Every structure is written in structure tokens, then in C-alpha cells.
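User: I'm new to this one and would like a walk through a few of its helices. Could you show me the structure before we start?

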Amino acid sequence: MSTTSDASPIYGPFFGVMGAASAIILSALGAAYGTAKSGTGIAAMSVMRPELIMKSIIPVVMAGIIAIYGLVVAVLICGGLEEPSKGYTLYKGFLHLGAGLAVGFSGLAAGFAIGIVGDAGVRGTAQQPRLFVGMILILIFAEVLGLYGLIVAIYMYSK
């Protein structure tokens, strides 16, 4: 990497674009799964206890936040994209790819966890209201998985 063209190849921005795409696509998949799975639990629960519908929306909201994490990182990466001739190095492209994958896969995992816990939690809360606090605590632990990915992604992006 002695010359500028070696450090900034023409395909360098491809990795940055893939990082931005991975961030939003994977985290949105996790959020969509979490929303759908929790939504089916809410629909099943609302037949028995319609007064608990608004209280049971919490898992859906938490799943939606996962997509926001991916959106933030994707916008950051897109803002940092440049032409190779303007100094966008392969190193920067790999960092952007890693940041996108970090937030994307952690968002996917968090969305799966939120969906499964939300589905079982709202159905259980309909039968035993004392389960609500436990469900919220477990949902917070699942949400934090996505937050960890966001923190790592922002740290990688800032390198």
C-alpha cells in the first residue's frame, strides 16, 4: 500500500455500501420478526382480555427500536462514503462493513429474542398479571443485545 491507488482501490466503497445495507436490512428483519411474533401473541391474548391490548404493545415498540439502531448506523456509514479518489480507503470500507454487520446481526438476534419473549409474555400476562414485570425485564435484556451491537458499530465507525 505504497501508493494512493493501492490504499484506495475502486472497489473500496463497495464494502462500505454493503455495511450500510447490512445494518438496515438485518436489523429491520429482526424488528419485523419481533413485531410479527409479538403481534400474534397480542392478537391471541386480546380475544380473552381486550383491556390489556395497550399494555401488551410494549414488545412491539421495543422491536421497532431495533430497526432504529440499524438506521442510525446505515445513515452514518452513508454519510462517510466517498469516491476512492477522495481518499476512501479499503481499511475504511472494511470498518464500515464490520460496523454494519455488528449492528445488523445483533439487531437480528435481539429481534428474535424480543419476538419470542413478547409472544409468550403477553399470552402469559393475560392469564397471570404478575408475569408482566418479569416479561418487561426479559425484554429489556433482549433489547440490550441490539444496543451492544450499536455501541460496537459506532466505535468501529469512528476509527
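What follows is a set of short questions and answers on the helices and a few residues.

Analyst: A quick note before we begin: this is a predicted model, where local features need pLDDT of at least 70, side-chain atom pairs count only at pLDDT 80 or more, and totals for chains, interfaces and linings use all residues. Residues are numbered from 1 along each chain as its sequence is written, and side-chain values use heavy atoms, with hydrogens and water left out.

User: Which residues does the UniProt annotation "transmembrane region" cover?

Analyst: This comes from an unreviewed UniProt entry; positions are in the numbering used here, feature names are shortened, and annotations may be inferred rather than shown by experiment. In the model, residues 57–77 are 95% helix and 0% strand, while residues 97–119 are 100% helix and 0% strand. Helices (H or I, at least four residues) and strands (E, at least two) are DSSP runs, numbered from the N terminus. The annotation covers residues 12–36, 57–77, 97–119 and 131–157.

User: How far apart are the end C-alpha atoms over residues 97–156?

Analyst: That stretch belongs to the annotation "domain: V-ATPase proteolipid subunit C-like" in the unreviewed UniProt entry, which covers residues 18–77 and 97–156. Over residues 97–156 the chain is 95% helix and 0% strand. The end C-alpha atoms there are apart by 10 Å.

User: Are α3 and α4 roughly parallel or roughly antiparallel?

Analyst: Two packed helices are described by the angle between their axes and the distance between the axes. Helix α3 (residues 58–80) packs against α4 at about 175°, with the axes 8 Å apart; axes are lines fitted to C-alpha atoms, for helices over the stretch in contact, and angles run from 0 to 180 degrees between N-to-C directions. Under 35 degrees counts as roughly parallel, over 145 as roughly antiparallel, 65 to 115 as roughly perpendicular and the rest as oblique. So α3 and α4 are roughly antiparallel.

User: How do the residues of that contact of α3 with α4 divide into nonpolar, polar and charged?

Analyst: The contact (heavy atoms within 4.5 Å) includes Pro59, Met62 and Tyr69 of α3 and Lys92, His96 and Gly118 of α4. Ala, Val, Leu, Ile, Met, Phe, Trp, Tyr, Cys and Pro count as nonpolar, Asp, Glu, Lys and Arg as charged, and the others, Gly among them, as polar. The split is 12 nonpolar, 6 polar and 1 charged.

User: And how is α2 placed against α4, roughly parallel or roughly antiparallel?

Analyst: The axes of helix α2 (residues 12–48) and α4 come within 7 Å and cross at roughly 5°. That angle is why α2 counts, relative to α4, as roughly parallel.

User: Is Gly118 buried or exposed?

Analyst: Gly118 is in helix α4. Beyond its neighbours within four places in sequence, Gly118 is in contact with Ser38, Pro59, Met135 and Leu139. Buried means under 20% relative accessible area, exposed over 50%, partly exposed in between (1.4 Å probe, protein chains only). With a relative accessible area of 0%, Gly118 is buried.

User: Which side chain makes a polar contact with the side chain of Asp119?

Analyst: Asp119 is in helix α4 (residues 90–127) and is buried, with a relative accessible area of 11%. A polar contact is a pair of N or O atoms within 3.5 Å; within protein, one must be able to donate a hydrogen and the other to accept it, and residues adjacent in sequence count only if both atoms are side-chain atoms. At 2.7 Å, the partner is Arg123.
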